[in-house]
Amino acid sequence: MVKVTLKPDERIDQLYSQDIQIIQSPEVFAFSLDAVLLADFAKLPLRASSQTVDLCAGNGAVGLFMSHKTHGHIAEVEIQPRLADMARRSIALNQLDDQMTVYEGDLAQVNQWIPKDSADVVTCNPPYFADLPDSQKNPNRYLAIARHEILTNLATIVATTSGLLKMNGKAYFVHRPDRLFQLLQLMAANRLAPKRIRLVHPKPGKEANMVLVEAIKDGKPGGVRFPAPLTVYDAQGHYTPEVEALLYGHH
């Protein structure tokens, strides 16, 4: 493995199902299951000429977890310098420098790096919570930015996604079910037609707490599919076989 320098609060975690190592820090950001689920849900073209863009990339988790699905290029866009740096070092750690590039800056300015109408796939695991005056935010600025729409918002993310995508390019989002209607409205306003929607439940009998959405740019309206919901834990509190396989591979 390549040697990378870790900061004092950092550790190297592994996604065992894929042999991917990733630099994490509880002080700054650590990926959670939503990144693994989004990377699994997204379908990437295999061809080497393809371009995938991951917005709100954080420490690079989604892009790293998708890297085995394509021979094409994956661009990571992240506004927080510390997280962009962690993503770069994780890419080096996995020897994926030829396939992945990190762009540090505001996703609203993404076209300075990646031309409009050039991406085959755009993925995004966005901040889940609107930045309301009365919303309780994490005192840790890194975590607050990851969870609340402080530096970007869903309208900007959806418009940017649509702008990046080629005609018939695909977008993939993970979000909270209580914002699904808003996401669908924004998609409709930005030429993105939903095609697959999958709910994620924490355990049997509990309300969904995540939703995965696939859309096609300039796709025909209608024809939305709802795959069977995903349940994370069984009644005993163990990962269900599907989630176990995503995290640890098939034993």
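Buried, in what follows, means under 20% relative accessible area, exposed means over 50%, and partly exposed covers the range in between, with a 1.4 Å probe and protein chains only. The structure is a predicted model, in which local features need pLDDT of at least 70 and side-chain atom pairs count only at pLDDT 80 or more, while totals for chains, interfaces and linings use all residues. Residues are numbered from 1 along each chain as its sequence is written, and side-chain values use heavy atoms, with hydrogens and water left out.

The charged side chains make a convenient starting point. A salt bridge is taken here as a side-chain nitrogen of Lys or Arg within 4 Å of a carboxyl oxygen of Asp or Glu, and by this rule the count comes to 14 salt bridges. One of them joins Arg191 to Asp218, with the closest N and O atoms 2.8 Å apart. This pair links distant parts of the chain, since Arg191 lies in the loop between helix H6 (180–189) and strand S8 (192–201), whereas Asp218 lies in the loop between strand S9 (210–217) and strand S10 (230–231), 27 residues apart; helices (H or I, at least four residues) and strands (E, at least two) are DSSP runs, numbered from the N terminus. Asp218 has a relative accessible area of 27% and therefore counts as partly exposed.

A further salt bridge is formed by the side chains of Arg198 and Glu242, at 2.9 Å from N to O. Here too the pair links distant parts of the chain, with Arg198 in strand S8 and Glu242 in helix H7 (residues 241–248), 44 residues apart. The two partners fall into separate accessibility classes, because Arg198 is buried at 14% relative accessibility and Glu242 is partly exposed at 33%. Elsewhere, salt bridges that share partners join Lys7, Asp9, Glu10, Arg82, Asp85 and Arg89 into one network. Asp178 and Arg176 also meet through their side chains in a salt bridge, at 3.3 Å from N to O; Asp178 is exposed, with a relative accessible area of 55%, and Arg176 is partly exposed at 25%.

Helix H7, which already supplied Glu242, can be followed further. Its residues Val243, Ala245, Leu246 and Leu247 are buried, and the buried residues of H7 pack against strand S1 (11–15), helix H1 (33–41) and S10, where contact means heavy atoms within 4.5 Å. After H7 comes Gly249, whose phi is positive, near 80°.

Helix H7 also contributes to the aromatic pairs. Rings of Phe, Tyr and Trp (its six-membered ring) are paired if their centres lie within 6.5 Å, and planes under 30 degrees apart count as stacked, over 60 as edge-to-face and the rest as tilted. A search of the whole structure finds 4 aromatic pairs. Among them is the stacked pair of Tyr16 and Tyr248, at 6.1 Å centre to centre with 20° between the planes. This pair links distant parts of the chain, as Tyr16 belongs to the loop between S1 and strand S2 (20–24) and Tyr248 to helix H7, 232 residues apart. Tyr16 counts as exposed at 53% relative accessibility, while Tyr248 counts as partly exposed at 37%. The rings of Tyr233 and Tyr239 have centres 5.0 Å apart and planes at 15°, so this pair is stacked as well; Tyr233 is partly exposed at 32%, and Tyr239 is partly exposed at 29%.

One may also ask where the charged end of Arg196 sits. It sits over the ring of Phe41, 4.0 Å from the ring centre, by a rule that requires NZ of Lys or CZ of Arg to be within 6 Å of the ring centre and within 35 degrees of the ring normal.

Turning to the cysteines, how many disulfides does a search of the whole structure find? With a disulfide defined as a pair of cysteine sulfur atoms within 2.5 Å, the search finds 0. The sulfur of Cys56 has its closest cysteine sulfur in Cys124, at 3.6 Å, which is too far for a bond. Cys56 is buried at 19% relative accessibility, and Cys124 is buried at 0%.

Finally, Ser67 lies in the loop between helix H2 (61–66) and strand S4 (73–78), and with a relative accessible area of 7% Ser67 is buried. Leaving aside neighbours within four places in sequence, Ser67 is in contact with Ile20, Ile74, Leu96, Gln99 and Met100. Of these contacts, Ile20 is 47 residues from Ser67 in sequence and 9.4 Å from Ser67 in space, C-alpha to C-alpha.
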